[in-house]
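Got the viewer open? Grab your selection tool and follow along.

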Amino acid sequence: MTTASPTTPVLRTDYQRAVAAYWDSHQHDSVNLLLGDVDGLYHHHYGIGRYDPAVLDGPQDSRDQRVIDELHRLESAQADLLLDHLGPLSADARLLDAGSGRGGTSFMAHQRFGCQVDGVSISRYQVDFATAQAQRRGVADRVRFHFRNMLDTALPTASLRALWTNETTMYVDLNEAFAEFARLLEPGGRYVCVTGCSNDVTGGRSRAVSRIDSHYTCNIHPRSAYFAALAASGLVPIDVIDLTARTIPYWELRARSSLATGIEEAFLTAYREGSFHYLLIAADRV
């Protein structure tokens, strides 16, 4: 896809510069790299589904690798569920991964649909990593990554059949982001969002939610903000799935793994107390 130069600097604000610096500094994070090493798909999101308890049994010298393999299976299952909601796509469709990280979901989308996929990230390190992966996979002509802001992608208007955000909307203003997504989508195009969001009644008082915000340098939005911003941009939800119960097993298993960072308890507390939700929203451009 031909892209123009962004009309504004990629990093507009001190906050965006801080977020970019956070991800640029995580070049050696063990969680995402060790999970991605399982099959070469490097994600930046969490997992869904029940884990196989057998991975915790058996020889101790291979237990950790069994758990890592299972955590990666759960995170790829999350990406598969997101892709399920993009709708029927032909190989000539064009897709966007808004906040593409190290590219895992972009490569899965190309493998499934054969589509051209563009990814954008405000982390130069992530763009370089994902681009190297595309070259290694031999798909650099079909899966491309750009140092761009999802609020100003410089992609052509009405050029996309579908786009998604996978745990990235907590870093942006929702009204700005959804307005840009509506501009990019052709009429009838599909947007799919997977995100954590706070309970409108109790989330603002939750210490666990505040700890997640602080840990990831993000700004978790209340659940209602998503639907207000979608409506304002002409994006109409057709599916809303609460994945909260389905993501808890991932966090329970991760808390028992060598990859635990200490944030696991905050997620488990927030989900169990009901102050935090894990949603999939699929919306069409009208």
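Here is a short walk through a few strands and then a tyrosine.

Before you click: this is a predicted model, where local features need pLDDT of at least 70, side-chain atom pairs count only at pLDDT 80 or more, and totals for chains, interfaces and linings use all residues. Residues are numbered from 1 along each chain as its sequence is written, and side-chain values use heavy atoms, with hydrogens and water left out.

**Stop one: strand 4.** Select residues 160-166, which form strand 4. Strands (E, at least two residues) and helices (H or I, at least four) are DSSP runs, numbered from the N terminus. Of the 7 residues in strand 4, 6 are buried, meaning under 20% relative accessible area with a 1.4 Å probe, protein chains only.

**Stop two: its partners.** Add residues 94-98, which are strand 1: this strand runs parallel to strand 4, joined by 3 bridges. Strands count as paired if DSSP finds at least two bridges between them. Zoom in on Leu95, and you'll find Ala162 of strand 4 opposite. Now add strand 5, residues 185-198, also parallel to strand 4, with 6 bridges. Here Leu163 faces Tyr191 of strand 5.

**Stop three: the link.** Select helix 6, residues 174-184; with strands 4 and 5 it makes a right-handed β-α-β unit. To check, point the strands away from you: the path from the first strand over the helix to the second runs clockwise.

**Last stop: Tyr250.** Jump to helix 9, residues 244-255, to find Tyr250. Is Tyr250 buried or exposed? Buried, with a relative accessible area of 1%. Show its contacts (heavy atoms within 4.5 Å): beyond four places in sequence, Tyr250 touches Leu35, His45, Tyr46, Gly47, Gly49, Leu71 and Leu74.

Terms used
Buried < 20%, exposed > 50% of the residue type's maximum accessible area, 1.4 Å probe, protein only.
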